[in-house]
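Got the model open in your viewer? Keep the selection box handy, and we'll go from stop to stop.

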Amino acid sequence: MTNWAPRIGFTYSPPALKNTVVRAGWGMYYTTQQAVNFQYAVVSQVITINNAVSNTQPNPQYVLGVNAMPGFTVGQITQPQADAITGPIQYFSATQRSPYVEQWNFDVQHTFGAKNLVDVAYIGNAAHRLPLNWNPFDCSSPGSNLCFDSNNPYNGKFSYMQEVDNIGYSNYNALLVKFQHQFSDGFSLMANYTYSKAMAASQQGSNGTLNQRRSCLPGCDYGPSTSNIPQSLVISGVWELPYGHNRHFGNSSNALMNTVIGGWDLDAIVTMRSGLPFTMTAPNNTAWSPGQIRANTYCDGRSALSNKDVRTNGHYWLKSQTVGQTEQQGACYVDPSRDPVNLVNGSLPLKPGTTERARAAFGTSSFDSMRGPGINNWDMGVHKVFPLFKESTFTLRGEFFNVWNHTQFANPNSGVAAGTNFGLITSTQHAARIIQIGGMIKF
């Protein structure tokens, strides 16, 4: 028994607290996320696998779910073959273990009145042994931000390396508050608020694109998850407008008035949430092309912006700067390979006791240290059912997405090599207003 997954939970309704229920639980769950990386365990420059099958009808030999993928044996790479491998190399760690997630929650739910409910919950999880594609082709060293090719034990033999290992981890903690008014008197309402924090050292889709320096792996890539949204409020409601036949007002209105302005229903969804995080980056001058080099940070580019209104300041989210601008020249973020703090006589320094010059420098910015614009979006719809003949009806519906046509700005350009585009927002994260009209006949 290697993947033991216990779970426990309880539900309790305190006699002294009428209409109140307390729930809590904890569980351990295993994931097969690492399965996508199994390819690295069976593919190499000296082994080729071609395991094809074919069927004949009407009596197929291979049946899906039974034997459609017959087994095969992969030979072992010999030491001479391993010594002869050159060029790019990707491989599967020999210490693979199953990733798992611990999840827990504590919830208090209370109903009041005839149609109202409030729910307050804390949920959390911690993931362990997450797959991480990291860089053993690394030129860093402990205690230094300089990159020397001689620090890489594989320099000159391989042009690229990537190891798949279960060394990533993450955690998530959130407060959830929910209010619900069930449909009554022509009105219903639901509101959900989330206050959360998601941290990870194994980012979604990383595929080796982060720093992942061997000298500080994986701690130097630990930071807010790329999908971390600290605060989110979503409100939705349905309202039968009170005018028209069988409504509070206008019950005796004439047929024309009732047809034109009576009997309409309105529904809406309002979404307000924090922006997504992003990282301050610099050009990658190392030999490992997928690596992400971060800038040196000297101030908060958002706080340094005098006019923070994106709509009136030219769409800048961060204080603008030029390529090569230093802290002394007013830049908040500096390319570490061009930062005077890392230079000696205008160049990156030599490795002590050698004639080897540093190839590049790593920055001081942490992963996803900044946050972009949030979302303030309203979607609305109106509809009415018109009687036709006997049981036949015609429903007319209008839907308005982003009804106020409010521009939802995306994250800015955050690379110090972007020049005049640095700090500038050049895209949106939500479509402009969309209107669609539809009808449905029921008979």
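Select Cys-332 to begin: at 2% relative accessibility it counts as buried, where buried means under 20% relative accessible area, exposed over 50%, and partly exposed in between (1.4 Å probe, protein chains only). Now add Cys-299, which is partly exposed at 31%. A disulfide joins Cys-299 to Cys-332, with S to S at 1.8 Å; the term stands for a pair of cysteine sulfur atoms within 2.5 Å. The torsion about the S-S bond of Cys-299 and Cys-332 is about -95°, so this disulfide is left-handed. Cys-299 and Cys-332 both sit in the loop between strand S15 (296-297) and S16, 33 residues apart, and the pair links distant parts of the chain. Strands here (E, at least two residues) are DSSP runs, as are helices (H or I, at least four), and they are numbered from the N terminus.

A word on what you're looking at: this is a predicted model, where local features need pLDDT of at least 70 and side-chain atom pairs count only at pLDDT 80 or more, while totals for chains, interfaces and linings use all residues. Residues are numbered from 1 along each chain as its sequence is written, and side-chain values use heavy atoms, with hydrogens and water left out.

How many disulfides does a search of the whole structure find? It finds 2. For the other stop, pick Cys-139 and Cys-147, whose sulfur atoms are 2.0 Å apart. Cys-139 is buried at 6% relative accessible area, and Cys-147 is buried at 0%. The S-S torsion of Cys-139 and Cys-147 is about -110°, so that disulfide is left-handed.

**Salt bridges**

Searching the whole structure gives 6 salt bridges, each a side-chain nitrogen of Lys or Arg within 4 Å of a carboxyl oxygen of Asp or Glu. Try Arg-359 and Asp-149, whose side chains meet at 3.0 Å, N to O. Arg-359 lies in the loop between strand S16 (333-334) and strand S17 (360-361), and Asp-149 in the loop between strand S6 (146-147) and strand S7 (158-184), so the pair ties together parts that are 210 residues apart in sequence. Arg-359 is partly exposed, at 37%.

Next, select Arg-294 and Asp-221: their side chains form a salt bridge at 2.5 Å, N to O. Arg-294 belongs to strand S14 (residues 293-294) and Asp-221 to the loop between strand S8 (187-200) and strand S9 (223-224), so this pair ties together parts 73 residues apart in sequence. Buried or exposed, what is Arg-294? Arg-294 is buried, with a relative accessible area of 1%, and Asp-221 counts as buried at 2%.

Then go to Asp-267 and Arg-397, which meet at 3.2 Å, N to O. Asp-267 is in strand S11 (residues 265-273) and Arg-397 in strand S20 (residues 393-401), so the bridge ties together parts 130 residues apart in sequence. Asp-267 is buried at 16%, whereas Arg-397 is partly exposed at 26%. Add Glu-399 to the selection, and you have a network of salt bridges linking Asp-267, Arg-397 and Glu-399.

**Into the core**

In soluble globular proteins, nonpolar side chains tend to be buried together. A nonpolar core is a set of buried Ala, Val, Leu, Ile, Met, Phe, Trp, Tyr and Cys residues joined through side-chain atoms within 4.5 Å. The largest one here has 19 residues, and those with the most contacts inside it are Met-280, Leu-318 and Tyr-333. Center on Met-280: not counting residues up to four places away in sequence, its contacts include Ile-293, Arg-294, Leu-318, Tyr-333, Met-370 and Phe-422, contact meaning heavy atoms within 4.5 Å. A second, separate core of 7 residues includes Ile-85, Ile-89, Phe-137 and Phe-158.

**Out to the surface**

Select Phe-10, Tyr-12, Phe-106, Val-108 and Tyr-122 to see a nonpolar surface patch of about 470 Å². Strand S1 (7-12) and strand S4 (100-112) each supply at least two of the patch residues. Tyr-122 is in strand S5 (residues 116-134) and is partly exposed at 34%. Patches are made of residues with over 30% relative accessible area and no salt bridge, with like charges joined within 9 Å and nonpolar side chains (Val, Leu, Ile, Met, Phe, Trp, Tyr) within 5 Å. The accessible areas come from the Shrake-Rupley method with a 1.4 Å probe; for residues, only the protein chains shown count as cover.

Last stop: backbone torsions. Asp-185, in the loop between S7 and S8, has a positive phi of about 50° although it is not a glycine. Asp-185 is exposed, at 69%.
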